[in-house]
Amino acid sequence: MTTEVDEGQPWEFNFYSKDFQLKNPDRGTRLKEEYNLLMRWMKGIQKSLEKEWRIAFNSKKKDAPFWEERSQTFKSIYENVFSEWESKWESITKKSFLQGSSLAHETFVNSKVIRDFKNDSRLLNKLTLLDRPFTDPKVIDSLLLDTLGFLRYALDGAEEKTTKVLKITKQTLLDDERLNQDIAKGLIEKNTWEAAKKNLQDDFEKALKESGIIDGKFIEINGRNYRLDSYAETLARTRIREAQTAGVQRYAETSGQDLVRVSDHSTLTEKCEKFEGKIFSISGKSTKYPKLEMWTPFHPNCLHVITVYIDVVSIFGYDPYEGARDKVNALSDERRKELREEVEWKERERKSPPKFVPDRSKVSITQPKINYLLTDPGKSRLYTQELGFSTGNPGILEDSIRSSLDKEVTKVLVTENGIKYIIDTPIPNPNNDNRVMTVVWQKDSKSSLPKFVTARPAKKNKEEKK
Ligand SMILES: [Zn+2]
């Protein structure tokens, strides 16, 4: 199982759980492309900001229009950032949302419960089967506005800071100028000038350092300094994640599901550990699972994913899978083996019929069957009157029938219910009737012992004509 190795591609949300894995159904390439393009563009912005700051610090021109121009340039860069995001972010949000709803959909329709009980009314009463993932323009719109709001706030902070730092720079440079003029006038001693200039320079450096400008941290949010490009990256990742989560949320809502599961990739993040791989109730109404207090991302750059979970036990009121899975598998395995052996056995007996009835020393002839032959209105005439057997001594008929087993099998008949071994032969009888009888023996299965089925006069055939 992976740890957070997918760092940098948080939308590739392959879903891992103990008994379940799902690869991102939407490879996300276009989303990734769009994200990468915007981030690369932001790196370019960061570079031009750095360049602008160098110009502000190093240029020899220090007049009022110069400072006005600096200020305007920064302003327009920030405006540019905003309008770029405004035009690109909607598509990214939409695709992210769709990924979330795809993930939920795939998890849903591919779950064993849905596959097994798709048409079960108990399930359909609780859940709505959706055809496909979907987008929700309202949600996407509000996510977009929310993100742009954050960005606006950050850019305002950047502008404010720019003004502040430009002012310090301008002041320092002007003061430097004044000092130069002073020295020209010879009003300040050389030592003093050097010291004054150094102090001024130190204060300036300190101000730049504190403002983060030296480290390229051009934006300030709540008193903290950030680089614009890395801030944008964090904002983007987090918001993509949120849009994905919104997709899952809306899917769960629409399909009537209250339970969700958090992905499990053996996180190293303490904050995520308590959620990982666990099942939660969105509403908090489940008696079995705790309320989901927080949706992903649990923190900036969090790679955890939440997706839907169907608890068939709470829907059915019992576990339809309890123990059954193993038993059914075991049984069907056994049954499959039996069937295969049966088919092979029949094939064998058909292709090369045995000379004698198999296990002929162990055949059974039931008393009711003998009685039937002796008493049935359709049979009794033959057995009692023509062949001379009697109800008073059925054992004689039984022995006579059994003696046919010493003869070779005439014909083997493979049927659905087993194999019939047919022996055409005269049987010993009190009246010494020599007619040929067809005696039928049957084995129900490969493992069962042969039993007597019936005996009747052989059809009029060549032997009788003889
Ligand atoms: Zn996480």
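Okay, let's start with one pair of residues: Leu259 has Ser281 as its bridge partner, and Ser281 sits in strand S6. One thing to keep in mind all the way through is that this is a predicted model.

So which strands does that pair belong to? Leu259 and Ser281 help link S5, residues 259-262, with S6, residues 279-281. Those two strands run antiparallel, and 3 bridges join them.

Now look at S5 again, since it also pairs with S7, residues 306-308. That pairing is antiparallel too, over 3 bridges. If you want a spot to click on, try Val262, which stands opposite Ile306 in S7.

Put the pieces together and you get an open sheet of 3 strands, in the order S6-S5-S7, with antiparallel pairing. Why do S6 and S7 each have one side without a neighbour in the sheet? Because they stand at the edges, and each has a single partner strand. From one strand to the next, the twist averages 35°.

What packs on this sheet? That would be helix H7, which touches S5 and S7. The direction of H7 makes about 20° with that of S7.

Let's stay with H7 for a minute. The helix covers residues 228-255, and Ala236 lies in it. Is Ala236 buried or exposed? Count the other C-beta atoms within 10 Å and you get 21; the cut-off for buried is 20 or more, so Ala236 is buried.

Who are its contacts? Leaving out residues up to four places away in sequence, Ala236 touches Tyr35, Leu38 and Met39. Take Leu38: it's 198 residues away from Ala236 along the chain, yet their C-alpha atoms are separated by 9.3 Å.

That fits into a wider picture for the chain. Take the contacts with a separation of 6 or more: residues 24 or more positions apart account for 70% of them. As for burial, 27% of the 466 residues in the protein chain are buried.

Before I stop, here's another bit of strand pairing. S8, residues 411-415, pairs with S9, residues 418-426, in the antiparallel sense over 5 bridges. How many residues lie between S8 and S9 in their hairpin? There are 2. Thr415 has Gly418 in S9 as its bridge partner.

And for the overall count, the protein chain has 14 helices and 11 strands, so there's plenty left for you to explore on screen.

How values were computed
Residues numbered from 1 in each chain as written. Predicted model: local features only at pLDDT ≥ 70, side-chain atom pairs only at ≥ 80, totals over all residues. Helix = DSSP H or I, 4+ residues; strand = E, 2+ residues; numbered from the N terminus. Buried ≥ 20, exposed ≤ 12 C-beta atoms within 10 Å, placed from the backbone. Contact = placed C-beta atoms within 7 Å. Pairing = 2+ DSSP bridges. Axes fitted to C-alpha atoms, helices over the stretch in contact; angles between N-to-C directions.
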